[in-house]
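Trainee: I would like to go through the terms used for this model and see what each one rests on.
Mentor: Then ask for the reason behind each label, and we will set values against cut-offs.

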Amino acid sequence: MVVSTSVDLLMADTDTTSTAQSNANGMTEPTHLLKQAEIPGKGVLLGWLRQMLLIREFEVRTMQAYQNRLIGGFCHIYIGQEAVAVGTIAAVNPDDPVVLAYRDHGHALARGMDPKNCMAEMFGRIGGCAKGKGGSMHMFDADHYLYGGHGIVSAQTPLGTGLAFATKYEDEVISGGKSSHVTLCYLGDGALNQGCFYEAMNLASLLDLPVIFVLENNRYSMGTAIERGTSMAHDLRLKSEAHDINHAIIDGKNVLSTYRDFKGIADWCREESRPYFVEAQTYRYKGHSMSDPRKYRTKEEENSEEANDCIATLEEFLVEEHDVTKDAFKQLTRQVKTQVRQAVEWAKKSPETPMEEMYKDVFTDCWGPYTGTSKPDMLEEGGLD
Amino acid sequence: MKVTTKERVIEFRDALREAMCEEMRNDERVFLLGEEVAQYNGAYKVSKGMLEEFGARRVIDTPISESGFSGMSIGAAMRGLRPIVEFMSWSFSLVAADPILNNAAKMLYMSGGQFGCPIVFRGNDGAGGQLASTHSWCVESLYANVPGIKMAIPYDAYDAKGLLKTAIQDDNPVFFLESERLLSTKCHVPTEEYTVPFGKALVRRSGEDCTIISFGRPLHFCLEAAEELAKEGIDCEVIDGRTIRPLDIDSMVESVKKTNACVVVDQSWSFASVGSEIASQIHAQCFDDLDNHVHRVHSDDVPTPYAYNLEQAYLPNTRKVCEAVRQATYNS
Ligand SMILES: Cc1ncc(C[n+]2csc(CCOP(=O)(O)OP(=O)(O)O)c2C)c(N)n1
Ligand SMILES: [Mg+2]
């Protein structure tokens, strides 16, 4: 299989001519040509496949655990969108900040969070990444520069701008060097309709902040198809271009092209210290949350989307280009099944969050009736056994 | 006015819908808008079937733009339309804090009485069950601080319908706080139209030894506690305030003058809260009648935790109400 060239990305490049024209009108965006990254070798690709399989298996077991009432509250499943998290996170450095919405288990795992801590968080246990205080929508992991999943739609977009502000400030003002980080800020298509997103983009552009707003366009926000909630849904580039921020569309169903296109963008943002708006086209296979009969879309649509599956596509590529055997896939699948089963067992055994934790972390110190703060177990030494 | 007909029992959510439908039939200026209210039939099925009856001009799906659609509705209300704005959760109303608190609440005053704001904001308030810190807001204390808004919190289906009709008919902005936890509860609701007035508390259980005052969902714990305490020989009077603004303090004072003891149960945080306000007013008006200071039960003074055990310990519950009553009546 050949990785198709992303037409839209090329168009984004062509578009620099119009940017150049607007230079005459006082805009200062430099013209640029994005380099498409090389597709990495077999070892790396097998790693990506393993991550995507891990996320999918993890989500299957999450749904089970939810049905068995081990998980409560709102819980949003990432199945179908795995290539976006895996392909984009692979394109940045481990110390680049990442901030998310509430559909966040997949990114947390792709970022390197141990599935044990991710599962334990949803079980409301002390071994969870936030000591069981946050649950499914709030995956935080300081060691992996993961600044959380956030439940209020679009609340994370100004945070993304702020994280980029901070890295730039640290790199340039405090260290006296060159800005060298890039922040990934993910949002759903529903978040396009919140005012704060436009404020976040405007600020990022004005202040030359290296943040990439990664729109995971899965075409629905809850039961609302994007065209019903967003004007100009067929041409979202206008949303960012109004703020002098470049836009690109990537195929979020294909981890290879996601990585290839996104790496170039991330490198450019890092180099130029500028924001970007990237639309990853994808689809969520499951309901919005655990109680959604999905009456707003057809079975045919779901079937045709699922027929173009990110895991199958990568497997096909590995078979054709790298002679990987079906047996190797089976082995990987067995491995992740074991890993996730162990995560569930570990989470079950992790003790309930003790009552005194209720009064910790309200403040950093012991002011008032509170009892200070402590690191989550997973960040303590030896916290992972 | 309590109308008696043959017992018809319906769910709280259906009662809310009936109120909206009746008012929309009676007054063309009334319309409903919010996230998922039309095609999806409402995230909690409150507006089920309304799109079919009233069409897309009067039952309007909005994008996730709380600030925008709240502000837009307030603009429409200034022209005399009567919007009902559904917040999927009052937690999300914080995104619209400026329009609802600055514009809706103050428009009449700022315009010297020229432009009113006949609008209802409604939706789920309070912890829904492990929804964690951002999605578990009890906004009553936060918003009750602001002059210019009315605030109702129904406890059962009968009041849900009657109070919501009053809210829609009111010429002022009304914050209408429902509880997801109550939506499936049922009680008798007559088929005839009726309203429940604002500012009239309801005695849900009469008793001699201690007055328990609450609103909305925590009343369930209060009534349970009253039964439990009765076994111990403590006879509680449970008052459902029904509306926080206006507050029927007179009924509360009257009850406390009889029982000489008072517990206020308020699911929001304790600091500068509805509970502290009521306690203060009771102290001022019943100073000589009280055998003990007013005791209060609130959510713990921390962000809402996700973990089930912590959330249970954090919220008001029957045990906490019992404990407070025992203390207030020197029975502990
Ligand atoms: C401010 C706010 N309003 C409403 C909600 C309720 N809500 C949660 S997710 C969601 C849909 C968001 O869809 P989208 O942004 O496309 O993300 P997806 O679920 O597709 O990943 C809504 C309406 C919320 N969490 N926050
Ligand atoms: Mg979406």
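Trainee: Which residue takes a positive phi just after helix 6 of chain A?
Mentor: G124(A) does, with a phi of about 70°. This is a predicted model, and the angle is computed from its atoms.

Trainee: What makes D114(A) a cap of helix 6 of chain A?
Mentor: A side-chain oxygen of D114(A) lies 2.8 Å from the backbone nitrogen of K116(A), at the N-terminal end of the helix. A polar contact requires N or O atoms within 3.5 Å, and 2.8 Å meets that.

Trainee: Why is helix 6 of chain A called largely enclosed?
Mentor: Because seven of its eight residues, in the run 115-122, are buried. Buried means under 20% relative accessible area. The buried residues are P115(A), N117(A), C118(A), M119(A), A120(A), E121(A) and M122(A). They pack against helix 3 (42-67), helix 5 (105-111) and helix 14 (326-349) of chain A.

Trainee: How do you know that L215(A) is buried?
Mentor: Its relative accessible area is 0%, and the cut-off is under 20%, so L215(A) counts as buried. L215(A) sits in strand 4 (residues 211-217) of chain A. Beyond its neighbours within four places in sequence, its contacts include L187(A), L192(A), L236(A), F277(A) and V278(A).

Trainee: How far is L215(A) from K326(A) in space?
Mentor: The two are 33 Å apart, C-alpha to C-alpha, and 111 residues apart in sequence.

Trainee: Now the aromatic rings. How many aromatic pairs are there over all chains?
Mentor: The count is 19.

Trainee: What makes the pair of F87(B) and F121(B) stacked?
Mentor: The centres are 5.7 Å apart and the planes differ by 10°. A pair needs centres within 6.5 Å, and stacked needs planes under 30 degrees apart, so F87(B) and F121(B) satisfy both conditions. F87(B) lies in strand 4 (residues 82-89) of chain B and F121(B) in strand 5 (residues 120-124) of chain B, 34 residues apart. F87(B) is buried at 1% relative accessibility, and F121(B) is buried at 0%.

Trainee: And why is the pair of W137(B) and W269(B) called edge-to-face?
Mentor: Because the planes are 80° apart, and the label applies over 60. The centre-to-centre distance is 5.3 Å. W137(B) lies in the loop between strand 5 and helix 6 (140-144) of chain B, and W269(B) in the loop between strand 13 (262-265) and helix 10 (274-285) of chain B, so the pair ties together parts 132 residues apart in sequence.

Trainee: Why is W269(B) counted as partly exposed?
Mentor: Its relative accessibility is 29%. Partly exposed covers the range between the buried limit of 20% and the exposed limit of 50%, so W269(B) belongs there.

Trainee: Which residues do ring pairs link into a cluster?
Mentor: F69(B), F87(B), W90(B), F121(B), Y143(B) and F175(B).

Trainee: Last, ligand 1. Where does it lie?
Mentor: Ligand 1 lies between chains A and B. It is surrounded by 22 residues, and Y102(A), R103(A), G151(A), N218(A) and E66(B) are the closest.

Trainee: What makes R103(A) a polar contact of ligand 1?
Mentor: A polar side-chain atom of R103(A) is 2.8 Å from a ligand oxygen, and the limit is within 3.5 Å. For H288(A), a side-chain N or O atom is 3.4 Å from an oxygen of ligand 1, which also falls within 3.5 Å.

Note on methods: Residues numbered from 1 in each chain as written. Chains lettered and ligands numbered in written order. Heavy atoms only, no water. Near = heavy atom within 4 Å. Polar contact = N/O pair within 3.5 Å; in protein donor to acceptor, adjacent residues only side chain to side chain. Helix = DSSP H or I, 4+ residues; strand = E, 2+ residues; numbered from the N terminus. Buried < 20%, exposed > 50% of the residue type's maximum accessible area, 1.4 Å probe, protein only. Contact = heavy atoms within 4.5 Å. Phe/Tyr/Trp six-rings, centres within 6.5 Å; stacked < 30°, edge-to-face > 60°.
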